[in-house]
Amino acid sequence: MGFTDPATSGGRSHSTDAVGDTDPRGDEVKRVNRPRQGDAQESALTAGVAAPRGRAGVALVGALTLLAGLMMTTVSTASAEPRSALPGVTLPEDDLAAAVEHINREIYVEKQDTSAAGLQRSVSKEASPLAAQPLALHSLAVEADRIEDVAEQFHADGRIEVTDVETSVDSVETDGDVRFVTLHVARTLGDGQVWEELQPFAVIDAPLGTLRPGQFFAVDGDAVQYDQVPAELLDFESVPKFDLNEFADPDQPTPLAPETGPAVEPSSTEPLDKAEAPGGIETMALSAANRTKVKNYALKYALSPNSSYHKWSQDCTNFVSQSLKAGGWKHDLGWYRSDGNWWYTGNVGIRASWTWAGAANFFRFARIESKRATGWSNVYQLRAGDILQYANSTNYNNMVHSMVTTGHSGNVPLLSYHTSNTKNKPFTAINTKGRTWWANKV
């Protein structure tokens, strides 16, 4: 995702959202300290709960406690015992993978009842260790609620079916009494294409504040968005951060991004007839062959980032820029705070321009300053290799996430992105309320 200018945010807190990029200077800094604009907004809780611990992220005691408290008050458990009296249990990674696969299968493939009682009955057949543990069963119900929210628009659209789900353990990292287990969830679509996600979960192994052993929950930006946990619940001051001087130039004042700018109309999300999309007239765009290079790079590195590039904790626009560079976009050197230039140097001096890894900065460079990209009037016009972005308001200066179009299922665009790492996710599983979309023709 990208970075956030305090000029556009006014230092306000925002509800959290899905995948996002933070300022390359650090993991999710408070908005008043973030001059770079974009994807950090996308994942306020992601950084607060899961920021600097690899793909799985790192959870903070305060954030985990607050999230768990919210979870305990919003979903009924299968036990009437007081929370403090519940014994809990250490949850093996394979059992977590089996449980997540089970509820994905129930919701996406079988479309079955996912109430707490229904889950208790069904999970006892496939993941019996969880059915006997109230806290684990409770966590399963919370995860089912999250996935149901994600799947609601997907099912309402009705043009894509999920025919199979497989879940495996991708990686495990331990931080004190919390394990961060990243699961590889692969959903097979009706046309045989596979939508894959690396989903991090926090698993509690010992009492931690109000958390108890046996609890688990998703901790990436998508999970936060769909749980609708407001950003102000989190203790951002306790989030470990990168060196704030990594991208800073102490001799130069920090410029303020414009609160307003040239009008750039967002893209409609109304489905088009097959005859209408994808397609369109070429203008200032990459050739079809070069867009194929963009797509192929994104598919290759969606789940396993290219080690030749620096990886930020919120990495989506960095990933988009890498893909476009592979497709032929040329460096345009200049002042790194300028939205008129786009470049990456790696470890030489300042690592990258703000436009390289900040969602709103990238948008202003691509669409306004350089005019390397133009806009599609409808998201369903996106071609493989094109870029899709969104904001949680109608102002593109508040852009929070960037994605590469890597194919279509029917005429539904499939999107690949970082934070969390995702490959070929259908647009209909991303198109949730409150988002404004800009489809960029490159």
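**Side-chain contacts in the predicted model**

With a relative accessibility of 15%, Arg-367 counts as buried, since the cut-off for burial is set at under 20% relative accessible area. The model examined here is a predicted one, and within it Arg-367 belongs to helix H12, which covers residues 359–369. When neighbours within four places in sequence are left aside, the residues in contact with Arg-367 are Val-264, Glu-265, Ala-373, Thr-374, Gly-375, Trp-438, Ala-439 and Asn-440. Of these partners, Asn-440 is engaged through its side chain, which makes a polar contact of 2.5 Å with the side chain of Arg-367. The C-alpha atom of Lys-441, a residue 74 positions away from Arg-367 along the chain, is separated from that of Arg-367 by 9.4 Å. Lys-441 itself lies over the face of Trp-376, at 4.4 Å from the ring centre.

Trp-376 also takes part in a polar contact through its backbone, as its backbone oxygen lies 2.7 Å from a polar atom of the Ser-267 side chain. Ser-267 is located in the loop between helix H8 (221–227) and helix H9 (288–301), and with a relative accessible area of 9% this serine is buried. Beyond its neighbours within four places in sequence, Ser-267 is in contact with Trp-376, Ser-377, Asn-378 and Val-379, and also with Trp-437, Trp-438 and Ala-439. Trp-438 and Ala-439 are likewise listed among the contacts of Arg-367.

Side chains of opposite charge can pair when their charged atoms come close. The structure holds 11 salt bridges, and one of them joins the side chains of Arg-105 and Asp-164, with an N to O distance of 2.9 Å. This pair links distant parts of the chain, given that Arg-105 is in helix H4 (residues 93–110) and Asp-164 is in strand E1 (residues 162–175), 59 residues apart. Arg-105 is partly exposed, with a relative accessible area of 22%, and Asp-164, at 27% relative accessibility, also counts as partly exposed. A salt bridge is also formed by Asp-157 and Arg-159, whose closest N and O atoms are 2.8 Å apart; here the aspartate is buried, Asp-157 having a relative accessible area of 18%, whereas Arg-159 is partly exposed at 34%. In the salt bridge between Arg-383 and Asp-386, the closest N and O atoms are 3.0 Å apart. Arg-383 counts as buried at 9% relative accessibility, and Asp-386 is buried with a relative accessible area of 0%. In addition, Glu-93, Arg-179 and Asp-205 are joined into one network by salt bridges that share partners.

Aromatic side chains were examined in the same model, and the structure holds 20 aromatic pairs. In one of these, the ring centres of Phe-154 and Trp-195 lie 5.8 Å apart and the ring planes meet at 45 degrees, so the pair is tilted. Distant parts of the chain are linked by this pair, with Phe-154 in helix H7 (residues 134–157) and Trp-195 in strand E3 (residues 194–204), 41 residues apart. Phe-154 is buried, with a relative accessible area of 1%, and Trp-195 counts as buried at 0% relative accessibility. An edge-to-face arrangement is found for Trp-329 and Trp-342, which are 5.4 Å apart centre to centre with 80 degrees between their planes. Both tryptophans lie in the loop between helix H10 (316–326) and helix H11 (354–357), so the pair ties together parts that are 13 residues apart in sequence. Trp-329 and Trp-342 are both buried, and they belong to one aromatic cluster that is completed by Tyr-309, Tyr-344, Trp-356, Phe-362 and Phe-365. The ring of Trp-329 is also covered by a charge, as the charged end of Arg-372 sits over the ring at 5.3 Å from its centre.

Strand E1, which carries Asp-164 of the salt bridge with Arg-105, is joined by 12 bridges to strand E2 (residues 178–189), and the two strands run antiparallel. In this pairing, Val-172 stands opposite Val-181 in E2. E1 and E2 form a hairpin with two residues between them, and Gly-176 in the turn has a positive phi of about 65 degrees.

Note on methods
Residues numbered from 1 in each chain as written. Predicted model: local features only at pLDDT ≥ 70, side-chain atom pairs only at ≥ 80, totals over all residues. Heavy atoms only, no water. Helix = DSSP H or I, 4+ residues; strand = E, 2+ residues; numbered from the N terminus. Buried < 20%, exposed > 50% of the residue type's maximum accessible area, 1.4 Å probe, protein only. Contact = heavy atoms within 4.5 Å. Polar contact = N/O pair within 3.5 Å; in protein donor to acceptor, adjacent residues only side chain to side chain. Salt bridge = Lys/Arg side-chain N within 4 Å of Asp/Glu carboxyl O. Phe/Tyr/Trp six-rings, centres within 6.5 Å; stacked < 30°, edge-to-face > 60°. Lys NZ or Arg CZ within 6 Å of the ring centre and 35° of its normal. Pairing = 2+ DSSP bridges.
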